[in-house]
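Student: I would like to go through the bound ligands here and ask what the labels rest on.
Tutor: Go ahead; each label will be set against its cut-off.

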Amino acid sequence: MFACTGYAATAADAPLAPFGFERRDTGPEDVRIDILFCGVCHSDLHQARNEWRNTIYPCVPGHEIVGRVAETGSSVTRFRTGDLVGVGCLVDSCRTCQSCRDGFEQYCENGFVGTYNGQDRHGRGITFGGYSRAIVVDQAFVLKVPDNLDPAAVAPLLCAGITTYSPLRHWKVGPGQRVGIVGLGGLGHMGVKFARAFGAEVVLFTTSASKIEDGLRLGAHQVVLSRDPDAMARETGRFDFILDAVAANHDINAYLNLLKRDGTLVQVGAPEDPLPVSVFGLLMKRRSFAGSLIGGIPETQEMLNFCGEHGITADTEMIRMDQIEAAYERMLRSDVKYRFVIDMATLPAVA
Ligand code: NAP
Ligand code: ZN
Ligand code: ZN
């Protein structure tokens, strides 16, 4: 074991604070990574504050990790010391069930191991995430980062990127389709970029008038203010596909009504409480309401390669580790542009 420092929440109402803990030594299949940058996902906030009611404390959040390989285990073939690598929301899974064999480790039938707040398969502890100096991960769950991209702006691709890329690919979004993205936060801004890159006509729905210009710059063909009832009414029945990336409770039926016959609304945002769904909104036009969870390891690598080829990264705002609570408060006010990324060099040397 080696001593590591990080930032942890110790209770739902306690601010994150420096935290010392131990990581396992590098096993034969392991890659030890010195973390350079970690993105700040709204899920980190949900979990740190126990909004999904499953947090185990102390909790070290962070699952948008980019760093350099510091050490490799004796059986590691795919990585070398010094490589730029990424780790997303998964650090392990059973690897034998049908979903794992299909490369959908996020749907592991025996439960995937989350990068934080997960049941560690290496011992009986809980996993600690990327708000930390270093992490040790099995090589099967480590991603290669394209070397032509800014590493800090790659970090958010590991969750916000794959969570939007995966459903847009699965539902085959592309040319000839009118696609809505709801909420211009970390996920939503990647959704806009990918939907545009895949050739769809992209419409952003936002509650923030201040984000209209950015929405267009990021790739939307049109921006609709979702608080304007007339603007919403004009969009009724006009969408093939809508991706909803809103972190808070909101009226999902307002978006179901915007789908064409046989259209699909995919929910990736994960508010803490159930969303009431009007069945008539679904059955009148044979609409579908679905969900999607991050993405598996093969598809995450595919997404990173796609981003390398097309020069796609997140729009980021760099923060110091000790600014994390202020960043959370801004997220709660929808004041993100469009992903906070922590510079891990600002982590205190000793907790
Ligand atoms: P974020 O950066 O905070 O963005 C959320 C955006 O939602 C806000 O910027 C805002 O955009 C909009 N919004 C916020 N409150 C709203 C309200 N009351 N009504 C309508 N719109 C509102 O969050 P994120 O990191 O993108 O995460 C979004 C959600 O996805 C979170 O719940 C997170 O836990 C979840 N998530 C799910 C997965 C998955 O696998 N499915 C993966 C990662 C994250 P506007 O200002 O444009 O309205
Ligand atoms: Zn996330
Ligand atoms: Zn499995």
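Tutor: This is a predicted model. Ligand 1 is surrounded by 30 residues, and the closest are His42, Thr206, Thr207, Ser208 and Arg339.

Student: What makes a residue count as near a molecule?
Tutor: One of its heavy atoms has to lie within 4 Å of the molecule. For ligand 1, 30 residues make up the surroundings. By type, the shell holds 14 nonpolar, 14 polar and 2 charged residues.

Student: Which helices supply at least two residues of the shell around ligand 1?
Tutor: α1 (42-48) and α5 (186-197) each do. α1 gives the most, with 3 residues.

Student: How do you know that His42 makes a polar contact with ligand 1?
Tutor: The cut-off for a pair of N or O atoms is 3.5 Å. An N or O atom in the side chain of His42 is 2.7 Å from an oxygen atom of ligand 1, so the pair counts as a polar contact. The backbone also takes part: an N or O atom of Leu184 lies 2.7 Å from a ligand 1 oxygen, and a polar backbone atom of Val268 is 2.9 Å from a ligand 1 nitrogen. Of the 920 Å² that ligand 1 exposes when taken alone, the protein buries 90%.

Student: Why is the arrangement around the zinc ion (ligand 3) called tetrahedral?
Tutor: Four donors count as tetrahedral if all angles lie between 85 and 135 degrees. The 4 donor atoms around the zinc ion (ligand 3) subtend angles of 103 to 121°, so the arrangement is tetrahedral. The donors are the SG atoms of Cys94, Cys97, Cys100 and Cys108, at 2.3 to 2.4 Å, and their spacing in sequence is C-x2-C-x2-C-x7-C. Cys94 is in the loop between β6 (90-92) and α2 (98-101), and Cys108 in the loop between α2 and β7 (113-114), so the pair ties together parts 14 residues apart in sequence.

Student: Which residues coordinate the zinc ion (ligand 2)?
Tutor: Cys41 (SG), His63 (NE2) and Cys159 (SG) do, at 2.0 to 2.3 Å. Their spacing along the chain is C-x21-H-x95-C. Cys41 sits in the loop between β3 (30-39) and α1, and Cys159 in the loop between α3 (151-154) and α4 (160-170), so this pair ties together parts that are 118 residues apart in sequence.

Student: Are Cys41 and Cys159 buried or exposed?
Tutor: Buried means under 20% relative accessible area. Cys41 is at 3%, so Cys41 counts as buried. Cys159 has 4%, so Cys159 is buried as well.

Key: Residues are numbered from 1 along each chain as its sequence is written. Chains are lettered from A and ligands numbered from 1 in the order in which they are written. This is a predicted model: local features need pLDDT of at least 70, side-chain atom pairs count only at pLDDT 80 or more; totals for chains, interfaces and linings use all residues. Side-chain values use heavy atoms; hydrogens and water are left out. Donors are N, O and S atoms within 2.8 Å of the metal (3.2 Å for Na, K and Ca); water is not among the atoms, so sites may look incomplete. Four donors count as tetrahedral if all angles lie between 85 and 135 degrees; four count as square planar and six as octahedral if opposite donors are over 155 degrees apart and all others between 65 and 115; anything else is irregular. Helices (H or I, at least four residues) and strands (E, at least two) are DSSP runs, numbered from the N terminus. A polar contact is a pair of N or O atoms within 3.5 Å; within protein, one must be able to donate a hydrogen and the other to accept it, and residues adjacent in sequence count only if both atoms are side-chain atoms. Accessible areas come from the Shrake-Rupley method with a 1.4 Å probe; for residues, only the protein chains shown count as cover. Ala, Val, Leu, Ile, Met, Phe, Trp, Tyr, Cys and Pro count as nonpolar, Asp, Glu, Lys and Arg as charged, and the others, Gly among them, as polar. Buried means under 20% relative accessible area, exposed over 50%, partly exposed in between (1.4 Å probe, protein chains only).
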